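Biologist: Can we go through this one together? I'd like to start with a single residue pair and work outwards.

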There are 2 protein chains.
Amino acid sequence: MRTLVHHPLSPFARKVRVVLAEKRLEVELEVEKPWERREEFLALNPAGELPVLVEDDGATVVEHAAICNYLEEAYPHAPTLLGREVLLRAEVRRLAAWFDVKFNQEVTENLVGEKLIKRFSGSGTPHAQAIRAGLANIHYHLDYIAYLADRRKWLAGDDFSLADIAAAAHLSTIDYLGDVPWDQHPEAKDWYMRIKCRPSFRPLLGDHLPGAPPPKHYADLDF
Amino acid sequence: MRTLVHHPLSPFARKVRVVLAEKRLEVELEVEKPWERREEFLALNPAGELPVLVEDDGATVVEHAAICNYLEEAYPHAPTLLGREVLLRAEVRRLAAWFDVKFNQEVTENLVGEKLIKRFSGSGTPHAQAIRAGLANIHYHLDYIAYLADRRKWLAGDDFSLADIAAAAHLSTIDYLGDVPWDQHPEAKDWYMRIKCRPSFRPLLGDHLPGAPPPKHYADLDF
């Protein structure tokens with residue numbers, strides 16, 4: 001059976017989980033705590049990062065963007081999440097990177113990294129300044145989502161794509177903390193509600209960390 | 001004429017310059033200082049990052065990895081830098097991301113960011129601690145290059161690929177500072193020497209920043 005080595009707090013693993021579900025590719029999940037830096041895991045991925053995909057035949061695919069591109073190329077008959085047209089695919093990849101790089105650095109690491117990863121990994125106390133920065137930065141990104149969703153059906157164009165998945169994967173980890181100011185960003189909320197309703201997204205809403213439960217609205221489709 | 005908006009200090013722009021040259025796609029270079037955050041540039045790329053590719057017909061492609069994937073897809077008859085086989089392509093992308101994410105964070109930002117970008121952008125004084133971290137971290141990455149180059153002809157396999165280009169693009173910016181300890185890493189040096197000899201790499205060796213000249217060996221093919 002195909003296996004994805006993941007952790008509920010990894011937005012990159014969340015992205016790949018949704019991609020696999022959208023492509024209707026079955027997978028077994030295996031939890032890894034990357035901060036433990038287990039030797040067996042580092043042998044799988046010397047970078048020590050999640051997720052890692054292991055195919056039925058033992059073939060290993062490492063690094064979240066490489067995995068998403070691999071799934072497009074290895075399963076050409078599954079629904080595409082990049083689109084068919086070359087410039088559209090470039091736009092999808094640009095926006096996926098926006099969330100995987102910029103949003104990750106400006107928001108996810110400041111909130112999920114400081115509040116949850118530090119606690120679970122026992123690597124120090126949260127920096128109040130970083131948390132403040134994350135809470136301030138998220139508005140700009142929610143505005144950008146609203147800007148895009150106002151002009152297009154989905155973030156990159158007419159079709160649901162990897163851009164929506166990357167954005168929603170990051171936001172879902174922040175939403176687990178209850179730190180997304182949805183009420184101030186109704187257009188972004190509308191877009192996120194549409195994603196939450198997709199069957200591919202449901203398993204993420206069932207994630208539950210012992211000792212750190214999500215707020216009540218986290219799993220609600222109508223929040 | 002196709003245009004690449006770049007800066008000599010951007011390893012991501014260097015990567016795309018080499019990719020374009022390997023694919024024999026002509027391009028005009030236009031220098032941008034991203035730290036100035038010019039409005040016209042932010043209109044081109046709201047993320048404010050280099051490089052940006054503008055095609056003849058005005059089509060704009062943004063974000064270094066999206067540009068590299070775009071060039072593979074838009075010019076299928078040009079030499080491929082990802083390879084043909086799906087798992088090989090995943091390995092090329094994994095390694096390109098290793099250098100574009102991990103090496104960038106652990107080495108490039110600590111050395112080029114602290115020593116040169118801060119100076120040119122006037123954004124503060126270099127942190128000695130960051131520079132020390134960069135100088136320490138680079139050994140691990142040069143060891144990894146040696147490990148790969150010992151087992152394979154090029155970093156990702158038998159063929160020269162985007163993995164080699166990404167690694168060399170980052171290293172070339174550090175080498176501009178004279179901060180690559182080549183003498184302690186002869187296998188990595190051998191690999192880099194093979195890349196320096198490629199015609200696609202020559203223009204990078206002619207880069208010259210006013211007031212911050214490179215060391216003598218920077219442009220030497222036999223260094």
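Biologist: Asp207(B) and Arg17(B): buried or exposed?

Modeller: This is a predicted model, so keep that in mind throughout. Asp207(B) and Arg17(B) are both buried.

Biologist: What do the side chains of Asp207(B) and Arg17(B) form?

Modeller: They meet in a salt bridge, with N to O at 2.9 Å. The pair links distant parts of the chain, 190 residues apart. Arg17(B) belongs to helix α1 (residues 11-22) of chain B, and Asp207(B) to the segment after α8 (202-205).

Biologist: And in chain A, which residues are joined into one network by salt bridges that share partners?

Modeller: Arg14(A), Arg17(A) and Asp207(A) are joined in that way.

Biologist: How many salt bridges over all chains?

Modeller: The structure holds 34.

Biologist: And how many of them does the rule find across the interface of chain B and chain A?

Modeller: The rule finds 4 salt bridges there. One pair is Arg93(A) with Glu73(B), at 3.0 Å from N to O.

Biologist: Which elements of chain B supply at least two residues each to the side that touches chain A?

Modeller: These are β4 (60-62), α3 (64-74), α4 (86-121) and α5 (128-151). α4(B) gives the most, with 9 residues.

Biologist: How do the residues on that side of chain B divide into nonpolar, polar and charged?

Modeller: There are 15 nonpolar, 1 polar and 6 charged residues.

Biologist: How much area is buried between chain B and chain A?

Modeller: About 1900 Å², and carbon and sulfur atoms give 66% of that. In terms of residues, 22 of chain B are in contact with 22 of chain A. The rule also finds 4 residue pairs in polar contact across the interface, both residues at pLDDT 80 or more.

Biologist: What turn and shift lay chain B on chain A?

Modeller: A turn of 180° with a shift of 0.0 Å along the axis, and the RMSD is 0.0 Å. The two copies are thus related as by a two-fold rotation axis. The same surface serves both copies, since 100% of the contact residues of chain B recur in chain A.

Biologist: Back to helix α4 of chain A. Which residue forms a salt bridge with Glu91(A)?

Modeller: Arg94(A) does, and the closest N and O atoms are 2.9 Å apart. Both residues lie in α4 (residues 86-121) of chain A, 3 residues apart, about one turn of the helix.

Biologist: Why would that spacing put two residues on the same side?

Modeller: An α-helix has 3.6 residues a turn, so residues three or four places apart point the same way.

Biologist: Are those two buried or exposed?

Modeller: Glu91(A) counts as buried because its relative accessibility is 16%, and the cut-off for buried is under 20%. Arg94(A) is buried too, at 10%. As for the Arg93(A) and Glu73(B) pair, the arginine lies in α4 of chain A and the glutamate in α3 of chain B, so the pair joins two chains. Arg93(A) is buried, with a relative accessible area of 8%, whereas Glu73(B), at 22%, counts as partly exposed.

Biologist: What about the rest of α3(B): how many of its residues are buried?

Modeller: 8 of the 11 are buried, so α3(B) is largely enclosed by the rest of the structure. Among the buried ones are His64(B), Cys68(B), Asn69(B) and Tyr70(B).

Biologist: Which residue has a side chain in polar contact with that of Tyr70(B)?

Modeller: Glu55(B), at 2.6 Å. Its side chain also makes a polar contact of 2.9 Å with the side chain of Arg2(B). Glu55(B) sits in the loop between β3 (52-54) and β4 of chain B, and it is buried, with a relative accessible area of 7%. Leaving aside neighbours within four places in sequence, Glu55(B) is in contact with Arg2(B), Tyr70(B) and Tyr75(B).

Biologist: Last one, Asp100(B). Where is it?

Modeller: Asp100(B) is in helix α4 of chain B and counts as buried, at 8% relative accessibility.

Biologist: Which side chain does it join in a polar contact of 3.0 Å?

Modeller: That of His170(B). With neighbours within four places in sequence left aside, the residues in contact with Asp100(B) are Phe12(B), Lys15(B), His64(B), Ala166(B) and His170(B). Of these, His64(B) already came up as a buried residue of α3(B).

Notes
Residues numbered from 1 in each chain as written. Chains lettered and ligands numbered in written order. Predicted model: local features only at pLDDT ≥ 70, side-chain atom pairs only at ≥ 80, totals over all residues. Heavy atoms only, no water. Contact = heavy atoms within 4.5 Å. Buried area = accessible area lost by both parts, 1.4 Å probe. Polar contact = N/O pair within 3.5 Å; in protein donor to acceptor, adjacent residues only side chain to side chain. Helix = DSSP H or I, 4+ residues; strand = E, 2+ residues; numbered from the N terminus. Nonpolar A, V, L, I, M, F, W, Y, C, P; charged D, E, K, R; others polar. Least-squares fit on C-alpha atoms with pLDDT ≥ 70 in both. Buried < 20%, exposed > 50% of the residue type's maximum accessible area, 1.4 Å probe, protein only.
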